[in-house]
Amino acid sequence: MKGKSGRIIYLFLMGGLALLFVVLIALDLYYVGDAEAKNPTYKTYERHYAFISNSDYNGEIWENIFQGAHVCGEEAGVYVEWFGKNLVESYSKQQLMELAIAAGVDGIIVEGDDSSEMNTLINRAIESGIPVVTVLKDCYGSYRNSFVGMSSYNLGQEYGNLLTRMRTPDEKELLVVIHSGENDSSEKLIYAGIKETISGITNEGIEVNTMIVDGSTTYGIEESLRNYMVDASELPDITVCLDEQTTEIMAQLAVDYNRVGQTRLVGFYESGHILQSIQSGVTAATITVDAAGMGQTAVTALEEYHESGYVSDYIPAELFIISLENVSDYSDSGEDMEE
């Protein structure tokens, strides 16, 4: 009996050891696989480009510009990094330019403006051997290598032609929303293009006025537009917004204050929110641009400069008009507005 019991104990122990061995092997394979997943083989890149946008507002247009730049960079063996993205602390566009220059990146893609500080930083980057491409908005007078975007005055002409086609004979009062601030003259040039285009096409006594809003913060823009929407008697026939953020805020306020149809809205860009507002009749039309294509073009421009030492000073972006008639071609999915 003792011999039989000993064999049973022996077999039990061996079975336990075998089971333990299998468990250890399984755990080893799991942790090795997990470690490989967390520490994948790093890809090497030929160059490193910094992508810098306005840190106060990174809407869908900037997401799409970056995605276009990132995809193009991957294909060209270039790492495009969105400087300042997902950081706990928020840095200004100028501070991010300082960091990119100090890091010695191989190129910078940045939203330009008219500030003397941005002009100085772009020139410093160029003098340090870092090529700079401004995108969407230019920095006039700087040494930047190329600008990818649209001429502000030409964009104004596009708005002017659109407004002339869409307005009815009774719609004679138009309002253009312009942000306050000394660092960006682009919206004033757009307004000039709108006014001169309309006056050159018709002499029916159309008034094109402006409303200046506090563009320093999102709260400032919303507060200015909210006050504007409160008094329905002050609303013009058509209200024109020149950027994605203002267009979205104005459309939402028209719903909140039951002003839909009391002033027809014309905006800029094609975010999900804007497309949904066109589908629901809140916004009449928007002028948009191929944002991803702009990002691709910016990277291509930097690559061209590195390879040849030359690049076009200005690379225009194509503009498109979206209205109720063709919004379905753009709206795969829209962000629902609050009713």
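Q: Which residue in strand 3 does Phe-51 stand opposite?
A: Welcome to a predicted model, where local features need pLDDT of at least 70, side-chain atom pairs count only at pLDDT 80 or more, and totals for chains, interfaces and linings use all residues. Residues are numbered from 1 along each chain as its sequence is written, and side-chain values use heavy atoms, with hydrogens and water left out. Strand 1 and strand 3 (residues 107-110) pair in the parallel sense over four bridges; strands are DSSP runs of E, at least two residues, and helices of H or I, at least four, numbered from the N terminus, and pairing takes at least two DSSP bridges. Opposite Phe-51 in strand 3 stands Ile-109.

Q: Opposite which residue in strand 2 does Ala-50 stand?
A: Strand 1 also pairs with strand 2 (residues 78-82), in the parallel sense and over five bridges. Across from Ala-50 in strand 2 is Glu-81.

Q: How many of the six residues of strand 1 are buried?
A: Buried means under 20% relative accessible area, exposed over 50%, and partly exposed in between, with a 1.4 Å probe and protein chains only. Strand 1 (residues 47-52) is largely enclosed by the rest of the structure, because its buried residues number five.

Q: At roughly what angle do the axes of helix 3 and helix 4 cross?
A: Helix 3 (residues 93-103) and helix 4 (residues 116-127) have axes that come within 10 Å. The two helices are roughly parallel, a term for angles under 35 degrees. Their axes, lines fitted to C-alpha atoms over the stretch in contact, with angles from 0 to 180 degrees between N-to-C directions, cross at roughly 10°.

Q: Which strands stand at the edges of the open sheet of six strands?
A: This sheet has mixed pairing and the order 7-6-8-9-10-12. Neighbouring strands in the sheet are turned by 20° against each other on average, direction ignored. Each edge strand has a single partner, so one side is left without a neighbour in the sheet: these are strand 7 (207-213) and strand 12 (319-323).

Q: Which residue in strand 10 does Phe-268 stand opposite?
A: Strand 9 (residues 264-268) pairs with strand 10 (residues 283-289) in the parallel sense over four bridges. Facing Phe-268 in strand 10 is Ile-287.

Q: At about what angle does helix 7 run to strand 7?
A: Helix 7 (residues 218-230) lies across strand 6 (173-179), strand 7 and strand 8 (238-241). Relative to strand 7, helix 7 runs at about 135°.

Terms used
Angles under 35 degrees count as roughly parallel, over 145 as roughly antiparallel, 65 to 115 as roughly perpendicular and the rest as oblique. Contact means heavy atoms within 4.5 Å.
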